[in-house]
Amino acid sequence: MNQTDALAQAEAARALRDRFVAAGAVPVEPDILMPAEMLIELYGEDIRARAYTCADPLRGELMLRPDFTVGVAQHHLAKGQGPSRYAYAGPVFRQQEADPDRPSEYQQAGLEILDGTDPADAEADVFAAMAEATAPLGLRAAIGDIGLLTAAISGLTASDVRKVALTRHLWRPRRFRALLDRFAGRKSPPAARARLLETLEADGAPFSDAGPQIGLRSREEITVRLSRLQADAAEPPIPDREVALLEQLLALRDTAPAAGEQLRDLAVDLPAILPAVSKFTARLDALTARGVDPGTLEFEGSYGRTTLEYYDGFVFGLSAPSRPDLPSVVTGGRYDALTRVLGGGAPCRAVGAAVRVHIGSEVARTRGVQWP
C-alpha cells in the first residue's frame, strides 16, 4: 500500500469514527502495544500465529493490537461507570501468511456498547449503525448466535468434561467434528490411545515397569490424565437423536424470521436452547424497531465459528456479494465472557463491531461509489 492510499484510509477510518461520535459515542484511543499473555488468555492460543510480538525487558512479551476490543473494554472497566458507547479508529496488525496480498497493517473503525441495560437493544443499535455507515456498499448481512450453540452443547447427555471439550473447540470446526463423532460412538479413539487403554485395563498399574521419568509432567499429573482417559472410555455415547439435533442447528441456514420458526421447533426437542431462542426473538424485534427488515438478514447456524473466540452470543457480518473473494467489511458481536474475565468475574454486557476500512474501500471502487 502506498503512502497516499494509507493516508486516505486513515482519513476514512476517522470519518467513520466521527460518524459514531456524532451519534453519541465517546472517542477512545487504546494502546497499540498490549500484554501478550492477556491477549492469548482472552482470544485463545490461535491468536499467537496471527499476531506480531516483541519482548520488553520490563513488561515482558507484548503484541501489536490485533483489534481494539480488549483495549476499549479495559478503558470502560477502569472508568467504572455505567452504560457507555465508544468509537475508535486506527491501525491494527495481523500476519497474513494465508494471503500475502492482504495488508498486515490496516485501518479499523468501530463502535462498542458496554454495560447496556437491554442486550437486544444494544445489539440492534450496533448492527443498525454499521449497516447505515456501509449502506453505499450494498453489503449482504449474515447473522448467527454462538449462545445458541453453547446452549445446545450444555443440553447434551454427556459429562461436563465432554461438554467443556466441545465448547472449547467450537471455533475449530474440524476438531469439533472429530470430537463429536468420537463422543457419539461414530469414531474409534486413535490407535495409540486404544492400546494405552487396553494396557491400563489389563494390569491397572501403568508405572509398575516404567523406566526413568522424563519430560515435564509429574507422576501425579500423568495419573490424573490416565484416569480421565479411562473415565471417558467408559462413558456411554451421546445419543444419536441429540447429535442429530445439534447437527440440524449447525446446518440451519435461512432468512432470520424463517430461522426463528425452525429454532422454536428445535427447542421442543432441545429445551436447553429456549433462553437463547427468546433472546433471538427479542433481537429481531429490536432490529425491526430500528428500521432493519429481518427478512433481509440471513441466519447461519455456524456463523462465527471461524472468528476470534471471544464472541459468545449474537454475531454478524456484512460482506459484498459481488466480491466473494474479499473478507467481510464489517464483523461484530457480543462478548460478555471477555469483559467478565477482564473484570475479575464481575458481569459487564458488551457488544460491538468493527469496519475493515481497506476492504470497504475496495468494494467502493468495485461499485464506483464514494465512501465513506
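**Note on a predicted model: strand β5 and the overall fold**

1. Ten bridges connect strand β5 with strand β6 (residues 105-114), and the two run antiparallel. Within this pairing, R85 of β5 lies opposite I113 in β6. The coordinates come from a predicted model, and the remarks here should be read with that in view.

2. Strand β5 also pairs with strand β1 (residues 26-27), in this case through two bridges and with the strands running parallel. In that pairing V26 stands opposite Y86 in β5.

3. Burial of the strand deserves a separate remark: of the ten residues of β5 (residues 84-93), nine are buried, so this strand is largely enclosed by the rest of the structure. For the chain as a whole, 47% of the 372 residues count as buried.

4. Taken over its full length, the chain holds 14 helices and twelve strands. Its radius of gyration is 23 Å, which is close to the 21 Å given by the globule rule for 372 residues, and the chain is therefore as compact as a globular protein of that length. The C-alpha trace spans about 75 × 55 × 40 Å along its principal axes.

5. As to how the chain contacts itself, 71% of the contacts with a separation of 6 or more are between residues 24 or more positions apart.

6. Concerning the surface and the charges, the chain exposes about 18,400 Å², of which carbon and sulfur atoms supply 52%. There are 42 positive and 50 negative charges in the chain, and the mean positions of these two sets are 1 Å apart.

Methods. Residues numbered from 1 in each chain as written. Predicted model: local features only at pLDDT ≥ 70, side-chain atom pairs only at ≥ 80, totals over all residues. Heavy atoms only, no water. Helix = DSSP H or I, 4+ residues; strand = E, 2+ residues; numbered from the N terminus. Rg over C-alpha atoms; globule rule 2.2 N^0.38 Å. Buried < 20%, exposed > 50% of the residue type's maximum accessible area, 1.4 Å probe, protein only. Contact = heavy atoms within 4.5 Å. Areas by Shrake-Rupley, 256 points an atom, 1.4 Å probe, with all protein chains shown as cover. Lys, Arg positive; Asp, Glu negative; His and termini not counted. Charge placed at Lys NZ, Arg CZ, Asp CG, Glu CD. Pairing = 2+ DSSP bridges.
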